[in-house]
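Me: I am new to this structure and would be grateful for a close look at a single part of it. Please take one helix and describe its shape, its surroundings and its aromatic contacts.

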Amino acid sequence: PPDVSSTRTAVVPTATTRPPTRFAVKHRGRFRGHGTFTIEPLGVSASRVVWDEVLYAPLFPRAWWLGARPVLGRVFAADLARLRALAEGSPVMTERT
């Protein structure tokens, strides 16, 4: 799948990826973890994307997540907006465009 992550770490597909309905990734880099994107059909012209992700902070994980939660909420919301735009065929805005 395209890398729509804002974390700027290496994201690689895993063996549990089952296109076109499930994409599983591992994060390798400063933040490590894993995630899945599952696409559930909701009829002829609609689908639901379920994003499940676990990330591990490099230092002091509990304190880090408490401080980062407000920022990451905005980052993940932007990631979801880009994913939605990709799925709907709309232009995708990035920092470079």
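**A close look at helix α1**

Reply: Just after helix α1, G89 adopts a positive phi of about 75 degrees. The helix that precedes this glycine covers residues 61-88 and has 28 residues. The model is a predicted one, and the chain has an average pLDDT of 77, with 79% of the residues scoring at least 70.

The end C-alpha atoms of α1 lie only 36 Å apart, whereas a straight helix would reach 40 Å at 1.5 Å a residue. The helix also bends by about 55 degrees at R69. A proline, P70, follows this position within four residues.

As for its surroundings, α1 has buried residues A68, L72, D79, R82 and A85. Strand β4, residues 47-56, is included in what covers them.

The same strand takes part in an aromatic contact with the helix: W51 belongs to β4 and F76 to α1, and their pair links distant parts of the chain, 25 residues apart. The rings of W51 and F76 meet edge-to-face, with 5.6 Å from centre to centre and 70 degrees between the planes. Buried residues must fall under 20% relative accessible area. W51 therefore counts as partly exposed, because its relative accessibility is 25%. F76 is likewise partly exposed, since its relative accessible area is 27%.

The structure holds two aromatic pairs, and F37, W51 and F76 form one aromatic cluster. F37 lies within strand β3, residues 32-41, where confidence is highest in the chain, at a mean of 88.

Key
Residues numbered from 1 in each chain as written. Predicted model: local features only at pLDDT ≥ 70, side-chain atom pairs only at ≥ 80, totals over all residues. Heavy atoms only, no water. pLDDT = per-residue confidence, 0-100. Helix = DSSP H or I, 4+ residues; strand = E, 2+ residues; numbered from the N terminus. Expected span 1.5 Å × (residues − 1). Bend = angle between axes of the 7 residues up to and from the residue. Buried < 20%, exposed > 50% of the residue type's maximum accessible area, 1.4 Å probe, protein only. Contact = heavy atoms within 4.5 Å. Phe/Tyr/Trp six-rings, centres within 6.5 Å; stacked < 30°, edge-to-face > 60°.
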